Amino acid sequence: MTTPPMIECCHVTKSYVRGDQEIPVLQNFNLSVPVGQFLAIMGPSGSGKTTILNLIAGLDRPTDGTIRAAGIEVSQQRETDLARWRARHVGFIFQFYNLIPVLTAAENVELPLLLTPLSKQERAKRVRAALELVGLGDRLHHYPRQLSGGQEQRVGIARAIVGDPTIFLADEPTGNLDRDAAESVMMLLRRLHQELHKTIVMVTHDPRAAEYAQDILHFDKGKEA
Amino acid sequence: MTLATLIVRNVRRQAFRVVLTALGIATIILTFNLIITTVRAWYAGVEASAPNRLITRHAASLSIHLPLSYRDRLAAVNGVTGVTFANWFGGVYRDAKGFFPQFAVDPDSFLDLHPELLVDPDTQQNFLSDRRACLIGRRLADLYGWRVGDAIPLKGTLYPGDWEFVVRGIYRGAEPSVDENWMVIRWDSVNERRRQFDPDRADTVGWYVLRIADPSAAGAVSRAVDDTFANSVAETRTETEQAFQAGFVAMSGSIVRALELLAIVLNGVTLLVLANTLVMAVRERTREWAVLRTLGFERRHLAALITGEALLIAGLGSIAGIAITIPATDLYATLVSTKLGNFFQQLVVYPSTLLLGTLATLITACCAAALPLVTVLRNKVADDLRHIG
């Protein structure tokens, strides 16, 4: 008996309507990501890479087709159910880090845990562990403005891993970083994949970042290139 | 950390804007409280009415007097346990501005039926033994600086001529709502003079005050009284003291209603002030709401965050508003008494007024949060993640 894929997109089409124009972004897109795979999706700007991540995370809905991820039919869920599913199964890493500026590094990492029944002490323990894993154990009480870009992104990764999700979705995680910081972030993602066997889908246009992935999918104009 | 931590931090982001908004709300609450205080002062006479007293007056008009001979017949009506009467004297002290209520009363029965006017036995005895005596309320005495023994000259209007009364006592109200601006003079001395100069109108009274044994029987006793004098020369109209007082408030009903409407409009202003601040604050954080939703925060969490922010700002404004209401009301009362004398018996802020103002503001805050909340929830997360603001 074969294990079902962690993520499966079948005949997915996505188009946006701007005024009276329909703009196709994805056309009959198919994807299967096995459990524990680290997949990089590469392509130029506007090719529909981020749309794929948004659809997998349930942040947007396909115009047609089905998407299954971490055991549910994502495209068929209600908003509230999707939010609960994301809290449990999805760790999202953003290009611009998207930390809350009025919260410290530890508080930013703690945010997803507020949705769990964990005690304050248990949350603090996990936050510290996550920040130590990304090498920021000594920056717990620093605000985002007191951190470098690379450190901010590592806090973003700590926030994504703290809830121990099933899938990691990374949207241009190195897009805003210098080479050294980018390398350190990619090393972290590789560790998540190799040591914790997490399923990762990363969108990037940086070939150096893509090299860290197990597989690379080239993408252009809404289709696999 | 809790959601409350995030609410407090979000409010502190734009501290200056929040302070200005809270001050705006505080000013609105102050105005709201002053309006409600004024309206309540208008109704103070109604609130002070005794439930066991009825007023019997001429059926046609209060300005037409009733015969003194009705007193014994009223006392004989079943359910009536005491009768007194009063006339409106209507004298002027110094000039037209020196106006205050003056009643010519039967001293013994009047004090018996109005136990809320507190006078000591010696004062009561002095009032009973001197036909030129008058009793005055504490606030009236304070307004003009009158003391026991002072002579008060009045120029008569309904009872023409120059009059002089000697202060024989100063009464206090048993409750804050009791009017302490009255001057009570003796009906017999007024009537005696009227016998000399206007004999046709002598031996008449403006209205009777009846004490009844059972307040719940007020309707039946009122009907019995009016039936007693039906088809007579002077038919009567009997009602509870509360209804009688409310009739006076109704004469200025438009002003009171306008004030009440203004109080409601003020809540609308709070809504706009707060909604404006919230809409700006929430729009500035469009991407952050999207991030929270990506992390798994549900609609109810966002509702709690945005409503909590509205409530916190409104709460700060309420606290500031309440803090300035009490000293400002004292100032307001002083200004009003400078212009209107003791027109209002009491301009006092009741705790219930503060509670009403605060509750209205907090409910308005929840409404103000609705607009930005609906906007955030209607937006697509994917679109908001791309927001640059």
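**Strands, helices and salt bridges in a predicted two-chain model**

Me: In this predicted model, which helix holds V269(B)?
Reply: V269(B) is partly exposed, with a relative accessible area of 35%, and together with L261(B), L262(B), I264(B) and V265(B) it forms a nonpolar patch on the surface, with about 450 Å² of accessible area together. The helix that holds V269(B) spans residues 253–284 of chain B and is α11.

Me: Which strands of the open sheet β2-β1-β4-β5 of chain A stand at the edges?
Reply: The four strands of this open sheet follow the order β2-β1-β4-β5 in chain A, with antiparallel pairing. An edge strand here has a single partner strand, so one side of it is left without a neighbour in the sheet, and the strands in that position are β2 (21–33) and β5 (72–73) of chain A.

Me: What is the bridge partner of E8(A) in β2(A)?
Reply: Strand β1 of chain A covers residues 7–18 and runs antiparallel to β2(A), the two being joined by nine bridges. Within β2(A), the residue paired with E8(A) is S32(A).

Me: Which residue of β7(A) stands opposite G91(A)?
Reply: In strand β6 (residues 90–93) of chain A, V90(A) and F92(A) point one way while G91(A) and I93(A) point the other way, and all are buried. In a regular strand, side chains alternate between the two faces of the sheet. Four bridges join β6(A) to the parallel strand β7 (residues 167–171) of chain A, where the residue opposite G91(A) is F168(A).

Me: Is K198(A) buried or exposed?
Reply: The side chains of K198(A) and D164(A) meet in a salt bridge (2.5 Å, N to O), a pair that links distant parts of the chain, 34 residues apart, with K198(A) in the loop between α6 and β8 and D164(A) in the loop between α5 and β7. D164(A) counts as partly exposed at 45% relative accessibility. For K198(A) the relative accessible area is 13%, under the 20% cut-off, so K198(A) is buried.

Me: How many residues apart in sequence are the parts that R285(B) and E309(B) tie together?
Reply: R285(B) forms a salt bridge with E309(B), the closest N and O atoms being 2.7 Å apart. R285(B) counts as buried at 4% relative accessibility, and E309(B) counts as buried at 3%. Because R285(B) lies in the loop between α11 and α12 of chain B and E309(B) lies in helix α13 (residues 299–340) of chain B, the parts tied together are separated in sequence by 24 residues.

Methods: Residues numbered from 1 in each chain as written. Chains lettered and ligands numbered in written order. Predicted model: local features only at pLDDT ≥ 70, side-chain atom pairs only at ≥ 80, totals over all residues. Heavy atoms only, no water. Pairing = 2+ DSSP bridges. Patch = residues over 30% accessible without salt bridge, like charges linked within 9 Å, V, L, I, M, F, W, Y side chains within 5 Å. Areas by Shrake-Rupley, 256 points an atom, 1.4 Å probe, with all protein chains shown as cover. Salt bridge = Lys/Arg side-chain N within 4 Å of Asp/Glu carboxyl O. Buried < 20%, exposed > 50% of the residue type's maximum accessible area, 1.4 Å probe, protein only.
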